[in-house]
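The following exercises are meant to be worked through with the sequence and the structure at hand. Each task is followed by a solution that proceeds step by step.

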Amino acid sequence: MFIKSVILNNYRIYHKRNKLDFFQDSEKNVFLISGNNGFGKTTFLTSLVWCLYGKLMVDVDEKYRREIYEAGGYKKYASSILNRKTKAELIGFQTNYDANYLAESKNNNREYHGKLEKDLIALSSFSVKIIFSDIHIPSIPCSEVSVERTFNILKEEDDLQVFIDGAESELTREVGLEIFIQDFVLPKEIAKFFFFDAEKIVSLAEMKSIEEKQSLSRAYSEVLGIKKYEDLKYNLEDLRIRFRRNSASEHDKRRFAELQKEVDQYKRLIEEYDGQITILQEEKLSKKQVTNQYQEKLIREGNSLTVEDLIKLKATKKKLEEEGEDLKSRMKDLLELAPFAITGIKMQEVRSQLISEMELDNSQINPFLINEKAKSVAIKISSEIEKLNLSSVEVEQLVLKIQNAIINSFTQENISDSSFKVLLEFTDKEKNEFEAIFSNLKHAYNQAFKQLVTEYKNNKIFFNKITRKISDAESKENDLLIQEIRKQKSTLDRRIKEIDDKLLLLSQEIGGLQREVAIKSKLISEIAKKINIEISDQAKDETAARLIGELDIFITNLKNEKKSSLEVRIKEELNALMHKSDFVSQVKVDIGQNIIDISLYDQRRQEISKDGLSKGEQQLYATALLKALVDESNIEFPIFIDSPLQKFDKKHSHNIIAEFYPKVSKQVVLFPLLEKELTEEEFQALYAKVNNVYLIKNVDYDHSTFIQVKPEELFANYKEMNEYVQ
């Protein structure tokens, strides 16, 4: 397949009709389209995706899904595409349209009416047309296929035309235009690998979730040609079920028909629910956009708080009040100890008095009991002292000293002042309470008091701030404009909440129906196994069964073959592109039932974490993967790459230019930013493979166009154009 030409008409910045031609040359397969940022490189790439898939472009890239969501649905997204200069012309035309129409109606000028209608349609429409050559369609020889999609912003609808050699085809009418593109031109799953920018290539290396791997697996199945055999197998299995339905006994037929009817009903109901979900999602997107606009109006009017925000603020205020009361209570408890903290020296004196009184109490114990206790302790430790290898005299002297020390600690000798007076006479409970207060004052009181003061200050600051917010909001609630805006926004928010609830309910219903379909389908399969086949269908059934068995083996072998071949190709391509010698020693591709996973191993047979790779290395890995996939698929599709050398250093860039771009496809279209993403030196390395070259000229803010230049004059023309712009 080769893209022969692309025609853009009023598509975003491309005002009126703009055409690019690509001439096929096996020796020169690289095409360049370059322009400064904002001139329309990415817009051109997006136009190709839109032309082929329309609202289904959400399945090609998450970026398009996000853009359509943020626009408020596909119709609003598409309506925003019309070139701004053309839209201004449309507004001016509409202003005079009714008056001109009415004036000529009096003259019954049908020819003029027709011209007005034609002009109105032209100004309110934009289109993209792609002409393919070298395209293969089974059973239909052809030299070219054209796909043209037009959107009219007044009607808010697409118009798609597909012509084979300039005429409509019975095949396109039979299968439908969208399905024809999907089946015979470029499936959405495959498009993921042929429309790239630097960020998207890197994202290939960062796929981690099951959903991402499943999406990648579906694309691989398409690209590697596995899916068509799997679809054939499913069709044969369905054929065998139909044979049994036709040949069953009356009882089995009834049961079979009942189950099949239930399954069909469930499937139709699932489709209905899916349709409702699509409608609700579009409504939600639309209403979400409007409610955001109302929020912006509230901000402009000086009241950005929603009712929910106000309720939350009041709840926070109440919580701060409760916390403030708790802090006050704790502060009160600490303040009760403040006099003691202030008279710290006196507290120390009281404690010294208390210790002396306790020692005095101890000294008044019966001396005989003290002597007996001291002797008992001395006897217990004497056996341990003997282990110190002392003489018997030394042991005796040491034991005697310990015994005397114990006796002296409980005698009045510890109180040297004979005039000492007992002043406190605390009970044991009072002693413990005093010790607790003294310890608190000495070790924790100061820090606790400072911390509590800080918390109390912060509480008051936040409380006053929220109080002011609430007061400001409530003071503006009497503003009639704010009341109306808030009323409309609240109505929309309630509807969005209702939609969310309905979407959740529908999703649950679909989940339940899908489970029922699985159960009923299993019952159908079990009944089918028991049913005898009609003689006329028996040979067909046996053939179908044999083919299914052969397909199972073939698909398994094909997956294993593709797996081994991919492993070799990815390793070869990656080591060829990397500047590190033998960076990867092994590549392991796991192709499961629904997911595909790729692991890289270094020279020590340890897995290389893709997260640990630099962005440039990740892009090299994904580039090698893309190249291996294209080679393995034997599919000759054009490849478009935006910001092609964005994340590469000089060595990597040279490898990409020499090893990747000239070999990845028979038609490679690059969208570089000259002198930044593609230097003159790098261009010279690519020059021998360069075919057509276009510069995007920015006529004004709302108008860009394509200028074809000679490859050898590319940089000179680019510099001249930039000097003119400056």
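Trp-50 is buried, and Phe-126 is buried as well. The model in which these residues are seen is a predicted one. The exercises begin with this pair.

**Exercise 1. Classify the ring pair of Trp-50 and Phe-126, and state where its members lie in the chain.**

Step 1. The ring centres of Trp-50 and Phe-126 are 5.1 Å apart. Pairing requires centres within 6.5 Å, and the two rings therefore count as a pair.

Step 2. The planes stand at 40 degrees, so the pair is tilted. A stacked pair would need planes under 30 degrees apart, and an edge-to-face pair over 60.

Step 3. Trp-50 belongs to helix 1 (residues 41-53) and Phe-126 to strand 4. The pair links distant parts of the chain, as its members are 76 residues apart.

**Exercise 2. Set this pair among the aromatic pairs of the whole structure.**

Step 1. The search of the whole structure yields 16 aromatic pairs.

Step 2. One of them joins Phe-22 and Phe-31, with 5.2 Å centre to centre and 90 degrees between the planes, an edge-to-face arrangement. Both Phe-22 and Phe-31 are buried.

Step 3. Ring pairs also link Tyr-14, Phe-44, Phe-640, Phe-671, Tyr-694 and Phe-706 into a cluster.

Step 4. A ring may also face a charge: the charged end of Lys-28 sits over the ring of Tyr-687, 6.0 Å from its centre.

**Exercise 3. Trace the pairing of strands 4, 5 and 6, and find the partners of Val-145.**

Step 1. Strand 4 (residues 125-133) and strand 5 (residues 144-152) run antiparallel and are joined by nine bridges.

Step 2. Strand 5 is also joined to strand 6 (residues 157-164), through eight bridges and again in the antiparallel sense.

Step 3. Val-145 in strand 5 stands opposite Phe-132. Val-145 also stands opposite Ile-164 in strand 6.

Step 4. Strand 5 and strand 6 form a hairpin with four residues between them. Glu-156, in the loop between these strands, has a positive phi of about 55 degrees although it is not a glycine.

Step 5. Is Glu-156 buried or partly exposed? Its relative accessibility is 35%, so it counts as partly exposed.

**Exercise 4. Describe Arg-12 by its loop, its phi and its accessibility.**

Step 1. Arg-12 lies in the loop between strand 1 (2-11) and strand 2 (14-21).

Step 2. The phi of Arg-12 is near 50 degrees, a positive value in a residue other than glycine.

Step 3. Arg-12 has a relative accessible area of 25% and is therefore partly exposed.

**Exercise 5. Follow the strand pairing from strand 3 to strand 14.**

Step 1. Strand 3 (residues 30-34) runs parallel to strand 13 (residues 690-700), and four bridges join them. Ile-33 has Tyr-694 in strand 13 as its bridge partner.

Step 2. Strand 13 pairs with strand 14 (residues 703-709) in the antiparallel sense over seven bridges. Here the bridge partner of Ile-696 is Phe-706 in strand 14.

Step 3. Strand 13 and strand 14 form a hairpin with two residues between them.

Step 4. Tyr-694 and Phe-706 both reappear from the aromatic cluster of Exercise 2.

**Exercise 6. Determine the order and the edges of the sheet that contains strand 9.**

Step 1. Three strands form an open sheet in the order 8-9-10, with antiparallel pairing.

Step 2. Strand 8 (586-591) and strand 10 (607-608) are the edge strands, since each pairs on one side only.

Step 3. Six bridges join strand 8 to strand 9 (residues 596-601). Ile-591 stands opposite Ile-596 in strand 9.

**Exercise 7. How many disulfides does the structure have, and are Cys-51 and Cys-142 buried or exposed?**

Step 1. With a cut-off of 2.5 Å between cysteine sulfur atoms, the count is zero disulfides.

Step 2. Cys-51 has 0% relative accessibility and therefore counts as buried.

Step 3. Cys-142, at 19%, also counts as buried, because the limit is under 20%.

**Exercise 8. Summarise the chain as a whole and its confidence.**

Step 1. The chain has 25 helices and 14 strands. Of its 726 residues, 42% are buried.

Step 2. Among contacts with a separation of 6 or more, 72% are between residues 24 or more positions apart.

Step 3. The average pLDDT is 79, and 79% of the residues score at least 70. Over residues 412-416 the pLDDT is below 50, and this stretch has eight contacts in the model beyond near neighbours in sequence.

Definitions and conventions. Residues numbered from 1 in each chain as written. Predicted model: local features only at pLDDT ≥ 70, side-chain atom pairs only at ≥ 80, totals over all residues. Heavy atoms only, no water. Pairing = 2+ DSSP bridges. Buried < 20%, exposed > 50% of the residue type's maximum accessible area, 1.4 Å probe, protein only. Phe/Tyr/Trp six-rings, centres within 6.5 Å; stacked < 30°, edge-to-face > 60°. Lys NZ or Arg CZ within 6 Å of the ring centre and 35° of its normal. pLDDT = per-residue confidence, 0-100. Contact = heavy atoms within 4.5 Å.
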